[in-house]
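This report looks at one helix and its packing, then at the cysteines and one histidine. Please keep the model open while reading.

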Amino acid sequence: MLLNKLEQVEVIREIIHRLSSAITTFPSVEAWLYAATLALIFIVIALPIGFLGKFLQIEVVNASWKVVIGIITISFLTPAITEELFFRVLLLPPILESGAVSIGLCFWGGISLVLFIVYHPLNAISFFPRGRNTFFNLVFLVLATLLGIVCSLVYIQSHSLWTAVAIHWLAVVIWLLFLGGYRKLYA
């Protein structure tokens with residue numbers, strides 16, 4: 001047994017604390033402005049990469065309003081909330097009270113990012129075979145890397161799940177509804 005009972009209880013307490021803290025911490029105005037700034041930087045970098053790499057194309061999804069509402073709702077739950085809870089909240093250690101960035105935070109940030117990137121092709125292999133061509137696409141993986149970095153930075157700055165979820169969710173919804181993502185995954 002790797003952990004004794006007391007250590008297991010402590011790990012469970014830490015997980016519960018991280019989850020409850022991230023969920024109940026509402027970002028400040030400054031945190032939302034920081035998130036918006038990083039989202040704009042992401043857009044300025046990601047759109048040229050996506051278009052030049054012929055991964056993105058202007059393509060408004062042709063679907064009923066029920067399908068559109070479904071896309072918006074489901075994208076909020078997964079990938080936005082589920083992936084941010086795991087790859088940011090559970091994997092990134094809390095930042096020190098002083099606001100100093102630790103070696104541990106950088107290490108776990110790197111681990112979190114690598115796992116976030118690798119997760120997508122693994123997801124295509126195991127649970128979502130329709131996504132294989134997309135999730136193995138190098139341009140997609142570069143864009144996912146950029147998104148993972150941005151989501152990590154806003155989570156670390158805000159201590160809140162909600163800034164990272166907002167960016168992740170908006171990126172996915174915009175891609176699915178306006179930039180050819182729906183066809184890539186579901187057509």
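## Cysteines

Does Cys151 count as buried or exposed? Cys151 counts as buried, at 0% relative accessibility. The model is a predicted one, and every value below is computed from it.

Cys106 has the opposite label: it is exposed, with a relative accessible area of 51%. The cut-off for exposed is over 50%.

How many disulfides are there? The count comes to 0. A disulfide is a covalent bond between the sulfur atoms of two cysteines. Cys106 is in no disulfide, and its nearest cysteine sulfur, in Cys151, is 18 Å away. For Cys151, the closest cysteine sulfur is that of Cys106. At 18 Å the two are too far apart for a bond, because a disulfide needs sulfur atoms within 2.5 Å.

## Helix α2: length and buried residues

Helix α2 covers residues 29–52, which is 24 residues. At 1.5 Å a residue, α2 should span 34 Å. Its end C-alpha atoms are 35 Å apart, so the model agrees with the expected span. Just after α2, Lys54 takes a positive phi of about 55°.

Which residues of α2 are buried? They are Ala31, Ala35, Leu38, Ala39, Phe42, Ala46 and Gly50. These buried residues pack against two helices, α6 (138–158) and α7 (161–178).

## How α2 meets α6

The axes of α2 and α6 come within 10 Å and cross at roughly 170°. Angles over 145 degrees count as roughly antiparallel, so α2 is roughly antiparallel to α6.

Which residues make the contact? On the α2 side are Glu30, Ala31, Tyr34, Ala35, Leu38, Phe42, Ile45, Ala46, Ile49 and Gly50. On the α6 side are Val139, Val142, Leu143, Leu146, Leu147, Val150, Leu153, Val154, Gln157 and Ser158. The residues of this contact divide into 16 nonpolar, 3 polar and 1 charged.

Some residues appear in both lists. Among them, Ala31, Leu38 and Phe42 are buried in α2 and also meet α6.

## His120 in α4

Where is His120 found? His120 lies in helix α4, residues 103–126. Its relative accessible area is 7%, so His120 is buried; the cut-off for buried is under 20%.

His120 touches Glu83, Phe135 and Phe140, leaving aside residues up to four places away in sequence.

Technical notes. Residues numbered from 1 in each chain as written. Predicted model: local features only at pLDDT ≥ 70, side-chain atom pairs only at ≥ 80, totals over all residues. Heavy atoms only, no water. Helix = DSSP H or I, 4+ residues; strand = E, 2+ residues; numbered from the N terminus. Expected span 1.5 Å × (residues − 1). Buried < 20%, exposed > 50% of the residue type's maximum accessible area, 1.4 Å probe, protein only. Contact = heavy atoms within 4.5 Å. Axes fitted to C-alpha atoms, helices over the stretch in contact; angles between N-to-C directions. Parallel < 35°, antiparallel > 145°, perpendicular 65-115°, else oblique. Nonpolar A, V, L, I, M, F, W, Y, C, P; charged D, E, K, R; others polar.
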